[in-house]
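Please look through the sequence and the model shown here, and then follow the account below, which goes step by step through the pairing of charged side chains.

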Amino acid sequence: QVQLVESGGGLVQAGGSLTLSCAASRSIFSFNTMGWYRQTPGKQRELVASITGGRTNYADSVKGRFAISRDNAKNTVYLQMNTLKPEDTAVYYCNADRWDGRLGATLDYWGQGTQVTVSS
């Protein structure tokens with residue numbers, strides 16, 4: 001059973017910074033893509049940033065402000081969030097997926113989420 005545990009959320013003023021961490025219970029080399037999503041009440045979960053190997057991808061709304069990175073030795077993925085805005089307020093979820101050859105399917109894993117609140 002794979003576990004993803006997020007940490008680092010909290011309350012910050014607009015313009016401030018936070019770093020989210022996602023610690024995996026197994027080597028992150030086993031995952032194809034790892035990413036961060038966010039969700040606000042009444043809205044669909046949206047992709048914020050993802051990393052596949054060395055390639056990164058960002059939502060337009062966070063480009064230039066957020067950075068995703070990985071530490072393979074610590075089995076951890078980070079999301080550095082700078083110049084935070086009130087509209088960044090959401091529950092942030094860590095996601096990872098991997099291909100399981102035995103099952104012939106892509107398996108998807110989610111963390112429990114961490115709240116980020118940006119005050120104006």
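How many salt bridges does the structure hold? In this predicted model, the structure holds 5 salt bridges. As background, side chains of opposite charge can pair when their charged atoms come close.

A good place to begin is Arg38, which has its place in strand β4. Arg38 counts as buried because its relative accessible area is 7%, and buried means under 20%. Its side chain forms a salt bridge with Glu46, in which the closest N and O atoms are 2.7 Å apart, and the side chains of Arg38 and Glu46 also make a polar contact, listed at 2.7 Å. Glu46, for its part, counts as partly exposed, because its relative accessibility is 37%, a value that lies between the 20% limit for buried residues and the 50% limit for exposed ones.

Arg38 also has a second salt-bridge partner, since its side chain meets that of Asp88 in a salt bridge of 3.0 Å from N to O. This pair links distant parts of the chain, with Arg38 in strand β4, which covers residues 33-39, and Asp88 in the loop between β8 (76-81) and β9 (90-100), so that the two residues are 50 residues apart. Asp88 counts as buried because its relative accessibility is 1%.

These pairings belong to a wider arrangement, in which Arg38, Glu46, Arg65 and Asp88 are linked in a network of salt bridges.

The surroundings of Arg38 include other residues as well. A polar contact of 3.3 Å joins the side chain of Arg38 to the side chain of Ser61. When its neighbours within four places in sequence are left aside, Arg38 is in contact with a set of residues that includes Gln44, Arg45 and Val48, along with Val62, Phe66 and Glu87, and also Ala90, Val91 and Tyr92. Glu46, Ser61 and Asp88, already met above, are among these contacts too.

Another salt bridge can be followed at Asp60, which pairs with Lys63, the closest N and O atoms being 3.1 Å apart. Is Asp60 buried or exposed? Asp60 is exposed, because its relative accessible area is 65%, and exposed means over 50%.

Notes:
Residues are numbered from 1 along each chain as its sequence is written. This is a predicted model: local features need pLDDT of at least 70, side-chain atom pairs count only at pLDDT 80 or more; totals for chains, interfaces and linings use all residues. Side-chain values use heavy atoms; hydrogens and water are left out. A salt bridge is a side-chain nitrogen of Lys or Arg within 4 Å of a carboxyl oxygen of Asp or Glu. Buried means under 20% relative accessible area, exposed over 50%, partly exposed in between (1.4 Å probe, protein chains only). Helices (H or I, at least four residues) and strands (E, at least two) are DSSP runs, numbered from the N terminus. A polar contact is a pair of N or O atoms within 3.5 Å; within protein, one must be able to donate a hydrogen and the other to accept it, and residues adjacent in sequence count only if both atoms are side-chain atoms. Contact means heavy atoms within 4.5 Å.
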